[in-house]
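Trainee: Got a minute to go through this one with me? I'd like to start with the charged residues and then wander a bit.
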Amino acid sequence: MKNTSSLTIGIVAGEVSGDALGGDFMQQMNALHPNIRWVGVGGRSMAAQGLSSVIDMQRLSVMGLAEVMMHLPDLLKAKKQIISGFQDHHIDLFIGIDAPDFNLRIGKVLKNQGIFCVQYVSPSVWAWREGRIHHIKAATDLVLCLFPFELGVYQKHAHPAVCVGHPLLNKLHADQNQPKTRLENFIQQFNDEYHGAPALTQASHIICIMAGSRTSEIQAILPLLLTSAQKIHQHLPSAQFVLPVVSAEHAQLVTEILHAHHTSLIDCVHILDHRNQSQKTNQPAISHACMTISDVVLLASGTATLECLLLERPMVVVYRVNPLTFMIAKRLVKIPYVSLPNILADQHLGRPIVPELLQSDATAEKVSTEALEILHHPSKQSADLSEISAWLRSQSRQSPAKAVLDHYLMNAKN
């Protein structure tokens with residue numbers, strides 16, 4: 001029987017959204033177990049919970065098949081460094097946060113060494129390549145699913161899985177105030193901390209722009225969204241745009257793109273990053289605050305679409321990846337939607353609820369047209385967003401930390 005009075009846990013997140021999920025999980029685990037040492041890969045949220053980093057998380061933040069191939073040598077090197085670091089620290093458990101293509105490879109090595117391995121966020125085996133379940137079983141002892149419809153494939157293949165829900169379900173709720181009040185509250189709360197916020201008082205409409213959390217996403221998608229913003233601004237000259245970013249580096253990149261190609265928007269686009277925010281614990285994340293005050297959100301497909309859904313803010317979803325990546329994915333994926341609001345709505349309502357503009361359909365003309373339609377008809381998405389959000393919150397879920405600890409302790413007794 002293993003000693004469980006103290007635990008050393010290896011944990012790996014490959015991007016900003018994974019870091020947020022990992023930080024929340026670590027906080028819950030630290031509350032349940034008095035003596036945990038954390039080692040692995042993560043960002044600011046995980047570091048705040050005690051993570052000792054093995055490598056920089058940025059090395060793992062690579063999007064798309066073609067992009068992964070370009071960075072493959074360093075990704076293989078990173079994998080070896082992480083496994084070596086885990087061996088040096090004699091970890092008891094391994095938690096892979098999302099990034100399944102990377103984390104399951106680490107898990108397979110560690111599980112063969114007798115380490116209890118967990119994948120937090122199920123690969124989309126319910127959507128495509130169900131045969132991956134055999135690789136998942138070889139690399140994990142437990143899978144934590146965010147949504148109840150994911151459990152079916154694990155039950156079918158008799159592999160331990162628990163639906164824990166998404167932590168954002170407990171953190172994000174729609175602001176019931178009227179738009180004017182929401183905007184006034186935003187300005188009052190952030191006036192001294194956000195550059196440009198006071199200018200928003202003159203806006204007829206607020207549009208939030210979110211191009212993604214990876215540098216590669218920003219480079220691929222932001223120019224499109226800014227060109228879309230120009231077209232919107234031509235129709236609505238008093239509209240203002242808020243553009244939240246996750247780091248000072250991204251703020252600099254976004255500023256460079258804006259000043260190089262979209263100078264007509266300089267006075268009406270407000271770039272906001274964490275340096276402009278105080279450390280008061282009752283303040284919402286910058287991105288959530290920006291979504292809440294916005295009449296419509298133009299965003300890349302990803303975790304942000306779930307945040308937007310839970311805040312019940314209308315959205316237009318866009319995405320562009322390498323054409324080869326898209327062509328391969330289109331042949332393999334067996335569901336018709338890419339954004340989580342539409343995937344969930346398809347499960348519950350049998351139809352999509354938000355516009356998705358992908359690849360060649362992702363043009364400034366189409367994005368601006370969809371956005372203007374929403375701005376002219378504010379209630380267009382509201383009822384559907386509210387219904388899907390309520391349905392999702394009604395689903396049963398367990399604490400991810402408790403699920404992991406219970407399964408690990410049960411395994412340790414055997």
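**Charges, a bent helix and some rings**

Mentor: Sure. Keep in mind that this is a predicted model. E217 is buried, with a relative accessible area of 4%.

Trainee: Okay, so which residue does E217 form a salt bridge with?

Mentor: With R214, and the closest N and O atoms of that pair are 3.4 Å apart.

Trainee: And is R214 buried or exposed?

Mentor: R214 counts as buried, at 16% relative accessibility.

Trainee: What else is linked with R214 and E217 in a network?

Mentor: E15. Salt bridges link E15, R214 and E217 in a network.

Trainee: How many salt bridges are there in the whole structure?

Mentor: The search finds 9. One of them joins E130 to K156, with the closest N and O atoms 2.8 Å apart. E130 sits in the loop between β5 (116-120) and α6 (133-139), while K156 is in helix α7 (residues 151-156), so this pair ties together parts that are 26 residues apart in sequence.

Trainee: How accessible is K156?

Mentor: K156 is exposed, at a relative accessible area of 60%. Its partner E130 is partly exposed, at 23%.

Trainee: Where do K402 and D406 lie?

Mentor: Both are in helix α18 (residues 400-413), 4 residues apart, which is about one turn of the helix. They form a salt bridge too, with the closest N and O atoms 2.8 Å apart.

Trainee: Why would that spacing suit a pair?

Mentor: An α-helix has 3.6 residues a turn, so residues three or four places apart point the same way. As for accessibility, K402 counts as partly exposed at 46%, and D406 is partly exposed as well, at 37%.

Trainee: Back to E217 for a second. Which helix is E217 in?

Mentor: E217 belongs to α10, where the buried residues include E217, I218, I221, L222 and H233. Helix α10 covers residues 215-235, 21 residues in total, and reaches 30 Å from its first C-alpha to its last, close to the 30 Å expected.

Trainee: Where does α10 bend?

Mentor: At I221, by about 40 degrees, and a proline, P223, follows within four residues.

Trainee: And what covers the buried residues of α10?

Mentor: Among the elements doing that are the strands β8 (206-210), β9 (240-244), β11 (296-300) and β12 (315-319), plus the helices α11 (248-261) and α16 (364-376).

Trainee: New topic. How much of α13 is buried?

Mentor: Helix α13 (residues 303-310) is mostly covered, with 7 of its 8 residues buried. Those are A304, T305, L306, E307, C308, L309 and L310. After α13 comes E312, whose phi is positive, near 60 degrees.

Trainee: You mentioned C308 there. How many disulfides does the structure hold?

Mentor: The count is 0. For C163, the nearest cysteine sulfur is that of C145, 6.7 Å away. For C290, the nearest is that of C208, at 5.2 Å. C163 is buried at 9% relative accessible area, and C290 is buried at 0%.

Trainee: Last one, rings. How many aromatic pairs are there?

Mentor: The count comes to 4 aromatic pairs. Take F86 and F94: their ring centres are 5.7 Å apart and their planes are at 50 degrees, so the pair is tilted. Both F86 and F94 are buried.

Trainee: Which residues form an aromatic cluster?

Mentor: F25, W38 and Y120 form one.

Methods:
Residues numbered from 1 in each chain as written. Predicted model: local features only at pLDDT ≥ 70, side-chain atom pairs only at ≥ 80, totals over all residues. Heavy atoms only, no water. Phe/Tyr/Trp six-rings, centres within 6.5 Å; stacked < 30°, edge-to-face > 60°. Buried < 20%, exposed > 50% of the residue type's maximum accessible area, 1.4 Å probe, protein only. Disulfide = S-S within 2.5 Å. Helix = DSSP H or I, 4+ residues; strand = E, 2+ residues; numbered from the N terminus. Expected span 1.5 Å × (residues − 1). Bend = angle between axes of the 7 residues up to and from the residue. Contact = heavy atoms within 4.5 Å. Salt bridge = Lys/Arg side-chain N within 4 Å of Asp/Glu carboxyl O.
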